[in-house]
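Here is a set of short questions and answers on how the labels attached to a structure are justified. Each answer sets a value against its criterion and concludes.

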Amino acid sequence: MSLALDGLLAIALVVLALQVVTGASLFRSIVMFVVFGLVMALAWARLRAPNLALAEAAIGAGISGALLMLGYRRLRAAGPEATRPGPRSSRLAAPLSLLVAGLVASLGWTALGLPEALGAAGAAVVAAMPSQAVANPVTAVLLVFRGYDTLLELAVLLVALAGARAVEGPAGPADLAIPTMTGLPIVGALLAALVPLSVLVAGYLLHAGGNAPGGAFQGGAVLAAAGVLLVLTGRLVPHPVPGPVERWGAVLGLLVFSALGLVMLARGQGMLSMPGAWSIYLVESAMLVSIATTLVLLLGAAPGLRRGPLP
Amino acid sequence: MTTEASLVGLVFLPLLAACLLWAVGQRAPWLRQGLVWLSLLAPLALLLAPTLALTTQPVVEVVLAGHAPPLGIGLRLDALSLLMLWLVAVVGAGAGAYASFVEPPGSDAGTRFWPPWLLLMAGLNALFLSADLFNLYVAIELVTLAAVALVAWSGKGAALRAAMRYLLLAMLASLAYLLAVALLYAEHGTLDLYLLARGVAAGSDTTRIALALLIVSLLLKAAIFPLHIWLPPAHARAPGAVSAVLSALVVKGSVYLVYRIWFWTLDGAQPALVANLLGALGAGAILYGSIAALLQSRLKPLVAYSTVAQLGYLMLVFPMTATVASGALAWKGVIYQLLSHGLAKAALFLAAASLLRGIGSDRLVDLAGASRRFPLSVFAVGLSGISLMGLPPSGGFLAKWLLLEAAWIQRGWVWMAVLLLGSLLASVYMFRALSAMMATPGDDAKAPVGAALPRPVPWQMDVAAVTLALLAVIAGFASAPIFELLNAAAPFPRVESATPITERALP
Amino acid sequence: MSQAAIYVMAAAAVIGAGVYGLLVAGHLLRKLLAINMLGSGVFLLLVALAGRSGGAPDPVPQALVITGIVVAVSMTAFALALLDRLFRETGQARMDVADDDD
């Protein structure tokens, strides 16, 4: 029974992938992409990777989908011809892609038959887990064993934001057209329910990430989603000058993680070592703020945000 | 300051400076100036301790978070990494100083320019220190994103298109890289370059194919012919200081990784056919790039195609390892080429940018009279040309001479012919550029069509260019200490496999 | 066919679809979608292969993929900002990557 489920998910993934690349309109492709991400999350759950499933759903499907959708809308606002699908060229595409798929499939098939690696990193992590301050092995890998990767990844997130500002030029980004019906009472009610709930869920994911599936990335993405909701309904309006929350919030994770790491280096305990569970939660909390802030600023394409006029 | 702290500082100083720059936004211009200058100059000081350390030991390893590979991520410094870090520090300081006159850190435009620049520097340092394949992937992405943002800085349509093409191809290359990582992890369970080396000899075809895929993705990122198409538009349309860093440092990072994989991870298992193929691609790059440079009518694209050509020399080390003697010479030759091309090309781009700024156009026909109006800039062009053409006593000369010697020992006549032809072609296009600058403007010289307004060129910008070019020229004199460093940790002759840290012993 | 094999084959197909999308798409937004899908396929391959022996789940590939997803999102966000500016400056949101439009 369970393999049948995997087979179904696999077929769904392939069908959705084809829908994304051959979709009649851009909008349809983006929607299919979001659905693809959600089915991927199911696949991760089947592959016993719940942290990954949460991350894929929140970031891979949710945030990526929102980014693409907002990007699509911004293009449409800039000019209606911007999003018209054009003639498809390249007779080389189908044979080449079949060739690539075939090569990857055969490589993968061969790799499936290889024996398990000796002295693998994964086995070492599992062996080292009992002595760690957190019980979630993925969190341990992200924050303790491979914390340097996570730190550099925060830098990548920052450079995406800094790069977007650099590329937008002195005039700043184009205005994001806000829909006009945001004064409806139902919108207010929706926000009153969703935003506090999102904050709660984000906090839970952060706290739970130590010993159960969850973590700063997943929590940060949920918080960012709440932020984007506020931007899209006009409760937060873009502002050309970033305020202190936007400025310090975006770099808080990097600053706290690096500062802690450097202090540990100065005390002779090794750069980026984590002296206890408190350090992991501290860094993850700072990361949550940064991830949420950076993602909201990227999604809203706004250097800064201010509270909007009450409807 | 301990070696470990210095190495950590190389990555974290620019990283934290970028964070602080971002956090203060448009306030405190004096603080922003200070942070940028600190980040430009501090690496030169930070590198002293590691350099001293390497005179007594061949390798310095930094254990992060108290966990060594395969559990954690390894940072490893040897002679090759140290030389690359020096190149980053010197070119970064020179090009950064130049850029600080174009986009002062205290200005509004500066708040948008300098965070990506500093993150780029942090990423480069992280790349040259890392020994873990996935960590290298993240560092490469950091460098790529920052570089693309800076390429698109001018906001002109052509620059934006060049940046987008660069981004798309870089993302494609990264995905091929990750595919290789997936296969390697499946077989070996580790991503450390040196631990992988132990498994490669006993590894299956999957490992070899994965490593080949890894190398191909890196060749695309390094713009090695025929995967070079993104480079000329991107390097030609970026601001001068950015082009300098792109040609001198960013593409070199990918070449450096190819060397690591070929000589350290693939240790002893390198197939001769592939080595000759890589050499052939290098020869193609040299010939194609030089001829394309000759055909350009504007200076910056000429310099960009020259980069394509000069990168080809770096591929010639692979077929020249048939004997131990030729291999040692070829290795030293390409390292020297890495360093002197970095310095000379950075200088050339800075000087070209000065001319563009001062004249308003970089079309060769519009450069007439530049030698009188902008003598320092033209001087920098000439000096860097000495190294690019391979004239003594420059570093470029030493590099090409060593490669020629290696080819001679090996009886590789084709390679010798390519090397000589390459130098000849380089001379032709450099002379073409210089003679355009030394020409007297005709009486009917009109203002350049569609040109920008000429702007004054501060002397400090010219000094930056001339300094870098001078370093390239006198690099030939500094060969003794560099070769001594290289001998300690060269892949030739190979006595034993990559030295592991004691903690890395497999259970 | 084991669970890992099913997902490995699916990953190969998704990667193929991504390559097809990249080659066939003229619009840059479609190219971005294709690249994101390519990335998802590679991540699926990484985790599926690492778990092929069916033992305890290996946390390292999972952590690597989480990092990879965040990097991919960063790239997408930046690419969209670049695309927006590109369209505003040139009126074009399409690109043929093999073009040399010097």
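The questions below concern a predicted model.

Q: Why is Ala65(B) called buried?
A: A residue counts as buried if 20 or more other C-beta atoms lie within 10 Å of its own. Ala65(B) has 22 other C-beta atoms within 10 Å, so the label buried applies.

Q: What makes Ala65(B) notable in its backbone, and where is it found?
A: Its phi is positive, about 55°, although Ala65(B) is not a glycine. Ala65(B) is found in the loop between β1 and β2 of chain B.

Q: Why is Arg411(B) called exposed?
A: The cut-off for exposed is 12 or fewer other C-beta atoms within 10 Å. Arg411(B) has 11, and is therefore exposed. Arg411(B) also has a positive phi, about 60°, although it is not a glycine. Its place is the loop between α17 and α18 (413-438) of chain B.

Q: How do you know that β1 and β2 of chain B pair?
A: Pairing requires at least two bridges between the strands. Four bridges join strand β1 (residues 60-63) of chain B to β2(B), so the criterion is met. The two strands run antiparallel. Within this pair, Glu61(B) stands opposite Arg76(B) in β2(B).

Q: Which residues of strand β2 of chain B point one way, and which the other way?
A: Gly74(B) and Arg76(B) point one way from β2 (residues 74-77) of chain B. Leu75(B) and Leu77(B) point the other way. All are buried. In a regular strand the side chains alternate between the two faces of the sheet.

Q: What kind of peptide bond joins Pro69(B) and Pro70(B), and where does Pro70(B) lie?
A: The bond is cis, with omega about 5°. Pro70(B) lies in the loop between β1 and β2 of chain B.

Q: What is the omega of the cis peptide bond from Pro392(B) to Pro393(B)?
A: Omega is near 0°. Pro393(B) lies in the loop between α16 (375-389) and α17 (395-409) of chain B.

Q: Why does the radius of gyration of chain B agree with a compact globule?
A: With 507 residues, a compact globule would have a radius of gyration near 23 Å. Chain B has 22 Å, so the values agree. Its C-alpha atoms fill a box of roughly 80 × 60 × 40 Å along the principal axes. Buried residues make up 67% of chain B. The secondary structure of chain B comes to 20 helices and two strands.

Q: What does the radius of gyration of chain C come to, set against a compact globule?
A: For 102 residues the globule value is near 13 Å, but chain C has 17 Å. The C-alpha trace of chain C spans about 55 × 25 × 20 Å along its principal axes. Chain C has three helices and zero strands. Buried residues make up 78% of its 102 residues.

Q: Which residues have the most contacts inside the largest nonpolar core?
A: They are Val151(B), Ala347(B) and Leu350(B), in a core of 392 residues. The largest share of this core, 24 residues, comes from helix α7 (residues 157-188) of chain B. Among the residues that Val151(B) touches are Ala159(B), Tyr166(B) and Val242(B).

Q: How many residues of chain A are in contact with chain B, and how do they divide?
A: 49 residues of chain A are in contact with 51 residues of chain B. α7(A) supplies the largest share of the chain A side, 15 residues. That side divides into 34 nonpolar, 10 polar and five charged residues.

Q: How many residues of chain A are in contact with chain C?
A: 80 residues of chain A are in contact with 67 residues of chain C. α3(A) gives the most to the chain A side, with 15 residues. Here the division is 55 nonpolar, 15 polar and 10 charged.

Q: Where in chain B is confidence lowest among the helices, and where is it highest?
A: Helix α20 (residues 479-488) is lowest, at a mean of 80, and helix α6 (residues 133-151) is highest, at 97. Over residues 493-507 of chain B the pLDDT is below 50. Where pLDDT is low, the predicted coordinates should not be read in detail. The mean pLDDT of chain B is 89.

Terms used:
Residues are numbered from 1 along each chain as its sequence is written. Chains are lettered from A and ligands numbered from 1 in the order in which they are written. This is a predicted model: local features need pLDDT of at least 70, side-chain atom pairs count only at pLDDT 80 or more; totals for chains, interfaces and linings use all residues. Two residues are in contact if their C-beta atoms, placed from the backbone, lie within 7 Å. Ala, Val, Leu, Ile, Met, Phe, Trp, Tyr, Cys and Pro count as nonpolar, Asp, Glu, Lys and Arg as charged, and the others, Gly among them, as polar. pLDDT is the predictor's confidence in each residue, from 0 to 100. The radius of gyration is taken over C-alpha atoms; the globule rule is 2.2 Å times the number of residues to the power 0.38. A nonpolar core is a set of buried Ala, Val, Leu, Ile, Met, Phe, Trp, Tyr and Cys residues joined through C-beta atoms within 7 Å. Lists of a residue's contacts leave out its neighbours within four places in sequence.
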